[in-house]
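Thanks for coming. I have one structure to go through today, so please look at it on the screen first.

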Amino acid sequence: MNLTYKKATIEDIDLLTETRIIILRAANQLSDDTDMSEVKKQSYDYYKKSLCDGTHIAYLIFDKDRFAGSGGVSFFQVMPTYHNPSGKKAYIMNMYTNPEYRRMGIAYQTLDMLVKDTKSMGITAISLEATAMGRPLYEKYGFVKMNDEMELPER
């Protein structure tokens with residue numbers, strides 16, 4: 001196995017968009033028949049803007065020419081707080097490993113690269129949403145479950 005970790009550029013937009021749809025189908029247990037055309041369009045538009053303005057970083061992992069995985073981090077601004085005076089935050093998302101490459105450390109390496117990139121920008125408030133499959137990886141890395149966050153569900 002000859003893995004290459006490539007920081008995504010705008011030239012990778014099609015692969016990033018396709019990977020996003022694969023991840024959403026898997027995470028939400030959606031069939032291939034589920035219409036994802038609007039999500040695909042919006043994801044493409046998101047990458048088109050965010051890869052250029054620096055509000056998103058993504059890595060693509062290849063085994064020679066074969067796609068093995070990906071991961072990304074989005075950056076956003078909230079009001080400053082005592083614990084986060086800059087108000088800058090990062091949200092790790094789109095972590096994916098092709099099933100044939102799982103349990104080889106790819107996701108951990110990708111996560112580590114994303115966290116290091118984020119911290120090098122002076123951002124220390126890093127969060128993510130974990131699936132049951134991903135939770136052990138994130139806990140091993142040092143992420144802890146948040147207790148105080150709430151969400152208003154769609155009605």
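I will cover the conventions, then the salt bridges, then helix 3.

This is a predicted model, in which local features need pLDDT of at least 70 and side-chain atom pairs count only at pLDDT 80 or more, while totals for chains, interfaces and linings use all residues. Residues are numbered from 1 along each chain as its sequence is written, and side-chain values use heavy atoms, with hydrogens and water left out.

Salt bridges, then. The term here is a side-chain nitrogen of Lys or Arg within 4 Å of a carboxyl oxygen of Asp or Glu. The structure holds seven of them, and I will go through three.

The pair to begin with is glutamate 18 and lysine 40, at 2.5 Å, N to O. Glutamate 18 sits in helix 1 (residues 13-27) and lysine 40 in helix 2 (residues 37-53), so this salt bridge ties together parts that are 22 residues apart in sequence. Helices and strands are DSSP runs, H or I of at least four residues for a helix and E of at least two for a strand, numbered from the N terminus.

How exposed are these side chains? Buried means under 20% relative accessible area, exposed over 50%, and partly exposed in between, with a 1.4 Å probe and protein chains only. Glutamate 18 is partly exposed at 36%, and lysine 40 is partly exposed at 35%.

Next, lysine 49 and aspartate 53 form a salt bridge at 2.6 Å, N to O. They are four residues apart in helix 2, so about one helical turn separates them. Lysine 49 is exposed, at 55%, whereas aspartate 53 is partly exposed, at 39%.

The remaining pair on my list is arginine 66 with glutamate 100, also a salt bridge, at 2.6 Å, N to O. Arginine 66 belongs to strand 3 (residues 66-77), and glutamate 100 to the loop between strand 4 (88-97) and helix 3 (106-120), so the pair ties together parts 34 residues apart in sequence. Arginine 66 is partly exposed, at 38%.

That brings us to helix 3. Helix 3 has 15 residues and spans 21 Å from first C-alpha to last, close to the expected 21 Å, where the expected span is 1.5 Å times one less than the number of residues.

Which residues of helix 3 are buried? Among them are Ile106, Leu111, Met113, Leu114 and Val115, and also Asp112 and Asp117. The buried residues pack against strands 1 (3-7), 2 (56-63), 3, 4 and 5 (125-128), and against helix 4 (135-141); contact means heavy atoms within 4.5 Å.

Just after helix 3, glycine 122 has a positive phi of about 80 degrees.
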